[in-house]
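Trainee: Could you take me through one part of this model in close detail, and then set it beside whatever else in the chains deserves a careful look?

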Amino acid sequence: MTEHAATAAEQHHSYTGLPNRKLLMWAFIGSECMLFGSLLITYLVYRGRSVVGPYPEELLNIPFITVTTFILLMSSLMMVLALAAVQRNDMRQGKLWILMTALLGLAFLAGQAYEFTHFVHEGLGLTTNLFGASFFLLTGTHGAHVAVGVVWLLTLFVMAMRGRLSSADAETVEITGLYWHFVDVVWIVLFTVIYLLV
Amino acid sequence: MENSTAQHEHASVKTYLVVAAVLGVVTAVEVAIFYVEALEPILVPLLLTLSAAKFALVVGFFMHLKYDSKVFRGLFIGPLIVAVAIILAMLALFGVFGGGAGGA
Amino acid sequence: MAVKEAAAEHGAGLDSGTHEGTYSGGLWSWITTVDHKRIGIMYAVFAFFFFLVGGLEALLIRLQLGSPENTLIDPDLYNQLFTMHGTTMVFLAIMPLSAAFFNFIVPLQLGARDVAFPRLNAFSLWVFVFGAFFLNASFLFGGAPDAGWFGYANLTSTQYSPGVRIDFWVLGLQVLGVSSIAAALNFIVTIINLRAPGMSLMRMPLFTWMTFVTSFLLILAFPAITVGLVLLMFDRTFGTSFFNPAAGGDVLLWQHLFWIFGHPEVYILLLPSLGIVSEVIPTFSRKPLFGYPFVVYSGILIAFLGFGVWAHHMFSVGLGPIANTVFSATTMLIAIPTGVKIFNWIATMWGGSLRLKTPLYFAIGFIAMFIIGGLSGVMHSSAAADLQQTDSYFVVAHIHYVLFGGVIFALFSGIYYWFPKITGKLLSEGIGKVHFWVMLLAFNLTFFPQHYLGLHGMPRRTFTYQEGLGFEAMNLMSTAGSLLLGFSILIFLWNVLVSLRKGAAAGRDPWGGATLEWAIDSPPPHYNFRVEPTVHSRDPLWAAGGLDVDVNDPAAPEPHMPSPSLWPFILSAGLVVAAAGAVAKSLVVVLAGGAIVVVSIFGWAFQPLER
Ligand SMILES: [Cu+2]
């Protein structure tokens, strides 16, 4: 939710001098820690409890997911480069890096779509067993967050193309970045816990 | 509470590139460790440490928490501690660490 | 000249200290409003409506239990009534009544003109309102949810609960969670950033402090129940096996996720009340709160420890001696900061010049009833004792001493205290005191016997009991008390109606309060403070000479306020349309709701706040 104009109250006075929207995003991220934490609890509690296969060790493709993980990590790099460009009002570079972030996000999502269809082909559906249910719910929730981020970034990109994004909007880009990096950070945890600690 | 003056002391583009390189390398190391059988006994703590290091790098540098106001740090780290504590408690309750109070 | 015009715009209000114009305007102005005061009033009105609904459900339960083997209500309806009574009182009455105070009072106590995100605030309100009516619409579609307010798995599975009753509950609570989290995020930012200059954290009024702490509890507790509800929704809608033991699922995971939310939820209900009492007692003792830092820190400690006690609701499932001991110990520990607060309130009154006005009556009633509820709570913090008391009327008595004797009394204290600020009219002291004594008597008549019923073995959630078990007299007493309790609420409503019509004008500060809300007119003008105050102490209005500036200075330019917006209303409606589609298992409706949500998010994001 982006409140574009500063509120009347904000224009007048801000006790800490920190932007309202940035505080909102950090508090939201705090709340998201509990959301992903609860999903992670579900995944870990049910690990090894499926009564029928396929089981994780038969399906998880580590080299493939390493590549998509790398893609998502690099998208975070694009994001910080985008913010740095917008802050110095270099909108040509800013546009480029914002678009690159979104595209890498899309590539990650494509990888996830491939992985999901592959699993379904191998016989693991949402309702097959506890592994399927908890895996698809956890990684699916993360994927949905990535998708929201991609739409958000593309919106910024379109605004930039129309000349409606400048260094005056650096705060908006920074907040988008906070969201994007958090989604990346969640994946760092999921990558290790789901794929490497089978 | 402090003012946002600290905000202007941002990481440079060079720092970002270094951090990204480290993130890539650590990920490669994680995957490599996974395939080394000799490391099997310490695999879990090792991987969790490396993962935590990546987590800290992204949060500290890309999200600027290292340079930013203490208020943001509190808003993030407080909830993170609660979440991690509850995850650990639940794993103990369900006997995921082996034995313990769990096995319900 | 501009100054004179501005003054004329607000009519005689500036002289007489009232602003009737604050609330004028048609229905449209209320639907599109982003003013925290109007939003607060709407929260209060809807919450009180659902308080009456939940109360009626309780009366039906009590009428059924008034005599043994009664056939007034069949078991099926009985299940719906106790489920909806609990769900309604927790999510649709107490939480939004607290939210009403957050909305109306917190910005005023901060010296702010609104909350940090006025439109997000309107969104929280409308999501609550639509979600509440959505949940209750289940009565019209094959019956209301009937698996208890904590909906234990696998009673909620499609096998044991076919039909859409549980779906209404699952979707309704997810929607209400969105409202609570949005509101809490808003108040966290508001309290961090919109404090008046000089109002350091340790100078903040206690009610604002407790709102701050409650907001953190909300953003951390609600995700846990949301995940639990999503798992349940997947089980019911898509056929997963999260809570199906035959496929390896664990029904205890639901209990854990629910109570990881559920225990902090108790403090979400309670902490705002502790805040209200911490405002009322100093004002009517004419003395600063005794040991202010202790009250603040114990509030924070209660919130933090509140995340480490959840399994005390699960002693009877057999978690093992280690888990039971740990959760017993943390539960006993949490009684300490709670006790600290009680001593602080008593010490504040000690040696103060007490003025026995109605708000103080209710605050003292709160302390007394809350002590009883707290003591029975400490009793079942011991796992061994809890095994005897769990699922009996003893815990029903306990929860009502905490949530009615405690929270509702405190909320009434807050209503009597701030009604003059909100409406500009004083409530009648005479009727108020009658209300207090009738409610206190009726409350104890209703719930005190339930301790004995529980200890004698009467189970909760059972639609009747046999003759000759010795339950008759105390059940009759309890039912009589509940009818009297209902009557006491009518006395209150009468008081409100009479006072709104011909109550005495309140003026700015009828009680001699110390906090900033009493410096401005009643009701406040839409911008609250014409001139922003600066704060130099915890009790700014009690400082010698009062505030440095005239916050109502008519010569100051009139502040600009955010424009109304319809988007929050539409966005909320979209969410509930999607939820209704999920209950009806209609993908088309879900997508339509989703489309409304997406369109309104973009509409909102590109609509300037001030136009
Ligand atoms: Cu509890």
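**A buried loop residue and its surroundings**

Mentor: In this predicted model, His64(B) is buried, with a relative accessible area of 1%. This histidine is found in the loop of chain B that runs between α2 (43-62) and α3 (70-93), and although His64(B) is not a glycine, its phi is positive, at about 60 degrees. Most residues other than glycine have a negative phi, and most peptide bonds are trans, so both kinds of exception are worth following through the chains. A positive phi of about 55 degrees is also found at Arg286(C), again a residue that is not a glycine, and Arg286(C) lies in the loop between α9 (251-285) and α10 (292-305) of chain C. Its relative accessible area is 44%, and because buried is reserved for values under 20% and exposed for values over 50%, Arg286(C) counts as partly exposed.

The exceptions in the peptide bonds come next. In chain A, the bond from Gly53(A) to Pro54(A) is cis, with omega near -5 degrees, and Pro54(A) has its place in the loop between α2 (20-45) and α3 (56-59) of that chain. In chain C, the bond from Ala153(C) to Asn154(C) is cis, with omega near 0 degrees, and Asn154(C) lies in the loop that separates α6 (118-137) from α7 (165-193).

Turning from loops to helices, α4 (residues 62-87) of chain A packs against α1 (residues 13-35) of chain B at an angle of about 170 degrees, with the two axes 10 Å apart. Because an angle over 145 degrees counts as roughly antiparallel, α4(A) is described as roughly antiparallel to α1(B). The residues of this contact divide into 17 nonpolar, 4 polar and no charged. Among those contributed by α4(A) are Phe70(A), Leu73(A), Met74(A) and Leu77(A), while those from α1(B) include Tyr16(B), Leu17(B), Leu23(B) and Phe34(B).

Chain A also meets chain C, in a contact that takes 45 residues from chain A and 54 residues from chain C. The area buried between these two chains is about 4,100 Å², and carbon and sulfur atoms give 70% of that area. The count of salt bridges between chain C and chain A is 1, and a salt bridge joins the side chains of Arg49(A) and Asp250(C), at 3.2 Å from N to O.

Key
Residues numbered from 1 in each chain as written. Chains lettered and ligands numbered in written order. Predicted model: local features only at pLDDT ≥ 70, side-chain atom pairs only at ≥ 80, totals over all residues. Heavy atoms only, no water. Helix = DSSP H or I, 4+ residues; strand = E, 2+ residues; numbered from the N terminus. Buried < 20%, exposed > 50% of the residue type's maximum accessible area, 1.4 Å probe, protein only. Axes fitted to C-alpha atoms, helices over the stretch in contact; angles between N-to-C directions. Parallel < 35°, antiparallel > 145°, perpendicular 65-115°, else oblique. Contact = heavy atoms within 4.5 Å. Nonpolar A, V, L, I, M, F, W, Y, C, P; charged D, E, K, R; others polar. Buried area = accessible area lost by both parts, 1.4 Å probe. Salt bridge = Lys/Arg side-chain N within 4 Å of Asp/Glu carboxyl O.
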